[in-house]
Amino acid sequence: MKRDDLVQEGEGWETVSSDRQFANAHVEVVTDQVGTPSHSEQGVWTVVQRKAAVIIAPMTRDGKIVLIRQERIPIRAAIWEMPSGQIDNGLTGVADPAHRTSKAIEEVALRELREEAGYELTQDGELIAMGYYFSSPGFTDEHGYFFLARPVAPCPTYVRDESESILDCRPFGISEIDRMITENEIRDANTLGMWARLSARGFLSVGLR
């Protein structure tokens, strides 16, 4: 599983060896021997490598955010979250102060928006790159690219794919999502991270509270 340009070695980092312990189509587990900029002695670390992902915040014209409720097998629960999906190997992103990403990754975001939520950008809509984040850098190189899609509207011919395990999908007001986060109804890290990014950049102030 090839790492993309966001997790390549920087100055002072050196991978001495990397031994694969397990691999399938979704994850790869490796044991790395690594030298870091602050430690002269090389350390050994078990790393889970996983494909990068896109996370989309779909905003309707009246300022609501579309969430999906999806069954998640690892936690044995169905939870509310924003649409998301993995990026195929070979597609890499560009990270810079302007938050630009490649056209290919933007297309993945729009595809996941349609497939998971059944929404699409309106004719006057825009897809805004919101940077990226690392989901759990203590053990995995997995990272996600944030996108705000606004305004969105339901796809007229959408048919939900039953294999997605999505139980529900609907728009929520900003104040309602605030309440769901406060009361721990929303526990998905992708959604929480996106909400923080949207708030920090002032996009939630245009919604209905």
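## An exposed arginine to start

Let's begin with Arg76, which is exposed, with a relative accessible area of 69%. The cut-offs behind that word are simple: buried means under 20% relative accessible area, exposed means over 50%, and partly exposed is in between, with a 1.4 Å probe and only protein chains considered. This is a predicted model, where local features need pLDDT of at least 70 and side-chain atom pairs count only at pLDDT 80 or more, while totals for chains, interfaces and linings use all residues. Residues are numbered from 1 along each chain as its sequence is written, and side-chain values use heavy atoms, leaving out hydrogens and water.

Arg76 sits in the loop between β5 and β6. Its phi is positive, about 55°, although Arg76 is not a glycine.

## The overall layout

How many helices and strands does the protein have? There are three helices and 10 strands. Both are DSSP runs numbered from the N terminus: helices are H or I with at least four residues, and strands are E with at least two. Going along the sequence, the pattern reads β-β-β-β-β-β-β-α-β-β-β-α-α.

Of the 209 residues in the protein, 42% are buried. The accessible surface comes to about 11,400 Å², and 50% of it belongs to carbon and sulfur atoms. These areas come from the Shrake-Rupley method with a 1.4 Å probe; for residues, only the protein chains shown count as cover. As for contacts (heavy atoms within 4.5 Å), take those with a separation of 6 or more: 64% of them are between residues 24 or more positions apart.

## Two nonpolar cores

In soluble globular proteins, nonpolar side chains tend to be buried together. A nonpolar core here is a set of buried Ala, Val, Leu, Ile, Met, Phe, Trp, Tyr and Cys residues joined through side-chain atoms within 4.5 Å. The largest nonpolar core has 22 residues, and Ile65, Leu67, Met82, Leu148, Trp195 and Leu198 have the most contacts inside it. At least two residues of this core come from each of β4 (53-60), β5 (65-72), β8 (119-134), β9 (143-154), α2 (174-182) and α3 (189-200). Apart from this core lies another, of 19 residues, with Val54, Ile87, Ala117 and Tyr145 among them.

Leu148 is a good one to click on. Beyond residues up to four places away in sequence, Leu148 touches Ala57, Met59, Glu126, Leu127, Ile128, Met130, Leu198 and Phe203. One of those partners, Leu127, is found in strand β8 and is partly exposed, with a relative accessible area of 21%. Leaving aside neighbours within four places, Leu127 is in contact with Glu106, Ala109, Leu110, Leu121, Phe147, Leu148 and Ala149.

## A buried glutamate

Is Glu112 buried or exposed? Glu112 is buried, at 8% relative accessible area. Its home is helix α1 (residues 103-117). If you skip residues up to four places away in sequence, Glu112 touches Val54, Ile56, Pro83, Ser84, Gly85, Gln86 and Ala117.

## The largest pocket

Rolling a probe the size of a water molecule over the atoms shows where empty space is left. The largest pocket has a volume of about 1,000 Å³. Its lining has 38 residues, and the closest to the pocket's centre are Arg50, Arg72, Ser84, Glu142 and Asn190. A pocket is an open set of points on a 1 Å grid over the protein atoms alone, where a 1.4 Å probe fits, with protein on both sides within 12 Å along at least five of seven lines; lining residues have an atom within 4 Å of a point. Grid points are joined across faces, edges and corners, and the volume is the space filled by probe spheres set on the points.

Which elements supply at least two residues each to the lining? They are β3 (39-50), β4, β5, β6 (77-81), β7 (84-86), α1, β9 and α3. By type, the lining divides into 12 nonpolar, 13 polar and 13 charged residues. In that split, Ala, Val, Leu, Ile, Met, Phe, Trp, Tyr, Cys and Pro count as nonpolar, Asp, Glu, Lys and Arg as charged, and the others, Gly among them, as polar.

## Backbone oddities

Most residues other than glycine have a negative phi, and most peptide bonds are trans. Besides Arg76, have a look at Asn184: this residue is not a glycine, yet has a positive phi of about 65°. Asn184 lies in the loop between α2 and α3 and is partly exposed, at 47% relative accessible area.

Then there is the peptide bond from Arg150 to Pro151, which is cis, with omega near -20°. Pro151 belongs to strand β9.
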